[in-house]
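Me: Please take a close look at one single part of this structure, and build the picture outwards from there. I am in my first year, so please explain each term when you first use it.

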Amino acid sequence: MILQISNAIDKETISSVVSGLDVSQFSDGKSTAGWAAKDVKNNQQLAGKKSQAATEVLLDRLQQNSLVQSVMRPKQVARVSINRYQQGEYYGTHMDDSLMNGVRRDISFTLGLSPLSDFEGGELVIEDTSGERSWRLGQGDILMYPSHYLHRVNSVTKGERLAMIGWVQSLVKQPSHRELLFDLEQSLKAEFDTNGKSENFDRLTKVFHNLLREWAQNQ
């Protein structure tokens with residue numbers, strides 16, 4: 001499942017976080033790229049204590065977004081970072097590593113930190129069996145997708161694109177299972193909003209939790 005959520009974090013929070021960043025601490029993004037990806041990675045990433053403080057605030061807000069949590073069902077966050085693309089910078093087609101420090105990467109996400117009016121280009125492009133699909137993420141928008149897809153970030157042709165990227169190990173390993181649980185949970189909530197705690201709501205609840213119990217991997 002590939003899903004974009006608009007305004008996943010309020011713009012006031014993001015603006016406050018961005019204003020507190022130390023731009024002098026951005027460094028060459030190649031330092032964290034895999035051996036093959038170094039040849040196609042041309043961006044910058046933020047290091048230092050201010051980066052950690054910023055990502056902690058943003059992750060906390062994402063944890064409060066019930067829709068984001070329903071998509072990911074996170075077990076643990078493998079890694080997050082803030083990156084910057086200025087004019088002419090890009091990240092060519094690559095594959096995210098399957099493991100980081102022993103943590104399996106199931107879901108990749110990009111959270112936009114710049115208003116769309118601040119930059120041109122910089123599309124996130126994902127390749128699946130149907131071809132290529134692209135997204136331009138505005139401030140507060142998040143795109144979540146299974147980490148098994150090839151993807152790239154097109155060159156920024158004007159301005160500056162800031163984003164937080166991250167990888168999550170999910171309690172539910174299989175992408176198809178996560179999608180079924182997401183759809184079922186949204187149907188369950190819609191039934192409750194329409195008819196309250198009906199017999200149908202109770203049946204949906206039973207199916208949802210028994211499937212989650214079957215598919216969740218706590219160990």
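Reply: Let us begin with the word contact, which here means that heavy atoms lie within 4.5 Å of each other. The model is a predicted one, in which local features need pLDDT of at least 70 and side-chain atom pairs count only at pLDDT 80 or more, while totals for chains, interfaces and linings use all residues. Residues are numbered from 1 along each chain as its sequence is written, and side-chain values use heavy atoms, with hydrogens and water left out.

The part to look at is the surroundings of M144. If we set aside its neighbours within four places in sequence, M144 is in contact with M1, I2, L3, I5, V68, V71, M72, I107, S108 and F109. M144 also belongs to a nonpolar core, a set of buried Ala, Val, Leu, Ile, Met, Phe, Trp, Tyr and Cys residues joined through side-chain atoms within 4.5 Å. Buried means under 20% relative accessible area, exposed means over 50%, and partly exposed covers what lies in between, with a 1.4 Å probe and protein chains only.

The largest such core has 26 residues, and the members that touch the most others are I82, F109, I142, M144 and M164. At least two residues of this core come from each of α1 (11–19), α2 (49–63), α3 (66–72), β9 (107–112), β13 (142–146) and β15 (156–170). These labels follow DSSP runs numbered from the N terminus, where a helix is H or I with at least four residues and a strand is E with at least two. Among the contributors, α2 gives the most, namely four residues. There is also a second, separate core of 15 residues, which includes Y91, F119, L124 and V156.

From here the picture widens to α4, whose buried residues pack against β1 (3–5), α3, β9, β13, β15 and α5 (199–215). The buried residues in α4 are R178, L181, F182, L184, E185, L188 and E191. Why does the length of α4 agree with what is expected? The expected span of a helix is 1.5 Å times one less than its number of residues; for the 21 residues of α4 this gives 30 Å, and its end C-alpha atoms are 30 Å apart, so the two agree. Just after α4 comes G196, which takes a positive phi of about 70°.

One of the buried residues of α4, E185, leads to a charged pair. Side chains of opposite charge can pair when their charged atoms come close. A salt bridge is counted when a side-chain nitrogen of Lys or Arg is within 4 Å of a carboxyl oxygen of Asp or Glu, and E185 forms one with R73, their closest N and O atoms being 2.7 Å apart. Because E185 lies in helix α4 (residues 175–195) and R73 in the loop between α3 and β5 (74–86), the pair ties together parts that are 112 residues apart in sequence. Both partners are buried, and for R73 the relative accessible area is 12%. R73 has a further feature in its backbone, since its phi is near 45°, a positive value in a residue other than glycine. N7, which sits in the loop between β1 and α1, likewise is not a glycine and has a positive phi, of about 55°; at 47% relative accessibility, N7 counts as partly exposed.

The whole structure holds eight salt bridges. Among them is the one between R104 and D106, with closest N and O atoms 2.6 Å apart, where both residues are buried. Salt bridges that share partners also join E127, E132 and R152 into one network. Another joins R61 and D60 at 3.2 Å, N to O; here R61 is partly exposed, with a relative accessible area of 30%, and so is D60, at 33%.

Finally, a charge may sit over a ring, which is counted when NZ of Lys or CZ of Arg is within 6 Å of the ring centre and within 35 degrees of the ring normal. The charged end of R105 sits over the ring of W167, 4.3 Å from its centre, and that of R84 sits over the ring of F26, at 4.2 Å.
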